[in-house]
Amino acid sequence: MELELRHLKTIRAIADAGSLTKAASALGLAQPALSAQLKRIESALGGRLFDRGRHGVQTTALGALVLARAKIVLPAVSELQQDAVRFARTAQETSRFRLGGTHGPLLGGLVDRLVSAHPGVPVTTYTSWSEREIAASVTDGRIDYALIGCCGASRPPDGERLEWREIASDPVFVMLAADHPLAARQEIGLAELSDEAWTDVPGDGCFADCFTAACARAGFTPTSVYETDTASCVHLVQVGRAVGLCRATFPTTAGLVTRPLAGTPLSWRHLLGWHPAARAADSAPAVFEQARAAHAQAAERSESYADWLHGGHGPLAWLPPGSLHPAGAAAFHNAGQRENRHLMNGS
């Protein structure tokens with residue numbers, strides 16, 4: 001009998017379960033059938049892989065050797081299969097841009113710029129609250145590019161398989177009703193909002209924990225946080241039911257204002273990711289530059305963020321030369337270059 005991948009999976013299942021009974025249940029086999037299969041595998045490998053006892057099974061020296069190799073072979077074959085499926089999905093496709101993004105102002109801007117720059121080339125979008133879901137779709141070849149956000153210095157998902165570039169890093173602003181007592185302020189301390197209810201959009205990153213930690217540093221615990229869609233967040237703020245957390249690029253909206261938090265206790269990084277072995281990698285630099293330009297446009301359209309930037313409070317983000325005063329533009333560019341080097345080097 002020649003050794004097959006299913007045999008290695010069987011050996012790993014027995015070792016993980018610690019007994020033939022539990023392994024048989026996990027594999028959906030009768031125990032006698034699993035025992036017979038194990039004997040055939042051991043015969044093919046030339047010796048016992050497990051010693052059976054009253055308390056289950058223990059790996060022999062030969063079993064430990066086989067398991068060590070299986071831990072290398074099985075993930076490698078699984079990765080090969082995923083890459084082959086992804087390649088098969090994209091190898092025969094005509095030129096197009098398949099974008100996946102979390103809910104935010106940059107996705108629409110990137111679509112607009114790509115459609116303008118590449119007339120006639122299909123542009124499709126997919127959105128999800130989950131950064132991990134978007135990244136997995138790129139890994140599997142269902143979409144070409146992931147446009148997501150990460151809190152602070154947290155790492156993007158699937159960093160071992162995908163290539164990520166940082167588009168920009170923005171401060172997190174607060175949304176207030178236009179008639180809120182603090183709405184006329186140019187900057188608001190987080191502690192000044194300690195009695196407020198909060199609202200923001202959901203996600204599977206660390207933002208909720210970072211927000212709680214920032215509030216703790218400011219000396220309070222949020223009374224309630226409503227996680228909901230963007231339209232509902234806006235409504236809750238407009239009617240005075242809550243104050244909201246938002247990206248600094250949040251567009252100017254009737255009935256509410258956005259204001260920076262003093263000391264910038266929270267930040268948000270915009271990232272573009274793609275699979276380095278996919279055909280989309282060839283167009284990634286151009287898509288990345290379009291995403292940077294879309295962010296710059298979104299920053300200028302947000303009155304409060306534009307005021308914050310031109311007032312010299314930055315830099316936290318990238319803007320093209322000429323959109324800031326000279327000193328601010330140079331600092332912006334240098335900060336963005338440093339962040340990109342750190343991200344690409346894994347620091």
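Arg142 sits in the loop that links helix H6 (131-139) to strand E5 (145-151). Keep in mind that this is a predicted model. With a relative accessibility of 42%, Arg142 counts as partly exposed, because that value falls between the 20% and 50% cut-offs. Its side chain has a polar partner: the side chain of Asp140, at 3.0 Å. Looking further along the chain, Val85 is 57 residues away from Arg142 in sequence, yet the two C-alpha atoms are 10.0 Å apart in space.

Now for the helix that leads into this loop. At the start of H6, Ser130 places a side-chain oxygen within 3.4 Å of the backbone nitrogen of Arg132. Several H6 residues are buried, namely Glu131, Ile134, Ala135, Ser137, Val138 and Thr139. Just past the end of H6, Gly141 has a positive phi of about 85°.

On the other side of the loop comes E5, and this strand is mostly covered: seven of its seven residues are buried. Both faces are covered. One side carries Tyr145, Leu147, Gly149 and Cys151, while Ala146, Ile148 and Cys150 are on the other. E5 also has strand partners. It runs parallel to strand E3 (residues 97-101), joined by three bridges, and it pairs in the antiparallel sense with strand E11 (residues 267-274) over six bridges.

Elsewhere, strand E1 (residues 50-53) and strand E2 (residues 56-59) are antiparallel partners, with four bridges between them. These two strands make a hairpin, with two residues between them.

Here are the three pairings side by side, each with a residue pair to look for in the structure.

| Strands | Sense | Bridges | Residue pair |
|---|---|---|---|
| E3 and E5 | parallel | three bridges | Leu99 and Tyr145 |
| E5 and E11 | antiparallel | six bridges | Ile148 and Leu271 |
| E1 and E2 | antiparallel | four bridges | Asp51 and Gln58 |

Next, a pair of helices. The axes of helix H9 (residues 284-301) and helix H10 (residues 303-310) come within 5 Å and cross at roughly 100°. That angle lies in the 65 to 115 degree range, so H9 and H10 count as roughly perpendicular to each other. On the H9 side, the contact is made by Ala299, Glu300 and Arg301. H10 brings in Glu303, Tyr305, Ala306, Leu309 and His310.

Between H9 and H10, in the loop, you'll find Ser302. Is Ser302 buried or exposed? It is buried: its relative accessible area is 1%, and the cut-off for buried is under 20%. Leaving aside residues up to four places away in sequence, Ser302 touches Ala248, Thr249, Phe250 and Thr252.

Finally, the whole chain. It has 11 helices and 11 strands, and of its 347 residues, 44% count as buried. The accessible surface comes to about 17,200 Å², with 53% of that belonging to carbon and sulfur atoms. As for how the chain folds back on itself, take the contacts between residues at least 6 apart in sequence: 70% of them join residues at least 24 apart.

Definitions and conventions. Residues numbered from 1 in each chain as written. Predicted model: local features only at pLDDT ≥ 70, side-chain atom pairs only at ≥ 80, totals over all residues. Heavy atoms only, no water. Buried < 20%, exposed > 50% of the residue type's maximum accessible area, 1.4 Å probe, protein only. Polar contact = N/O pair within 3.5 Å; in protein donor to acceptor, adjacent residues only side chain to side chain. Contact = heavy atoms within 4.5 Å. Areas by Shrake-Rupley, 256 points an atom, 1.4 Å probe, with all protein chains shown as cover. Pairing = 2+ DSSP bridges. Axes fitted to C-alpha atoms, helices over the stretch in contact; angles between N-to-C directions. Parallel < 35°, antiparallel > 145°, perpendicular 65-115°, else oblique.
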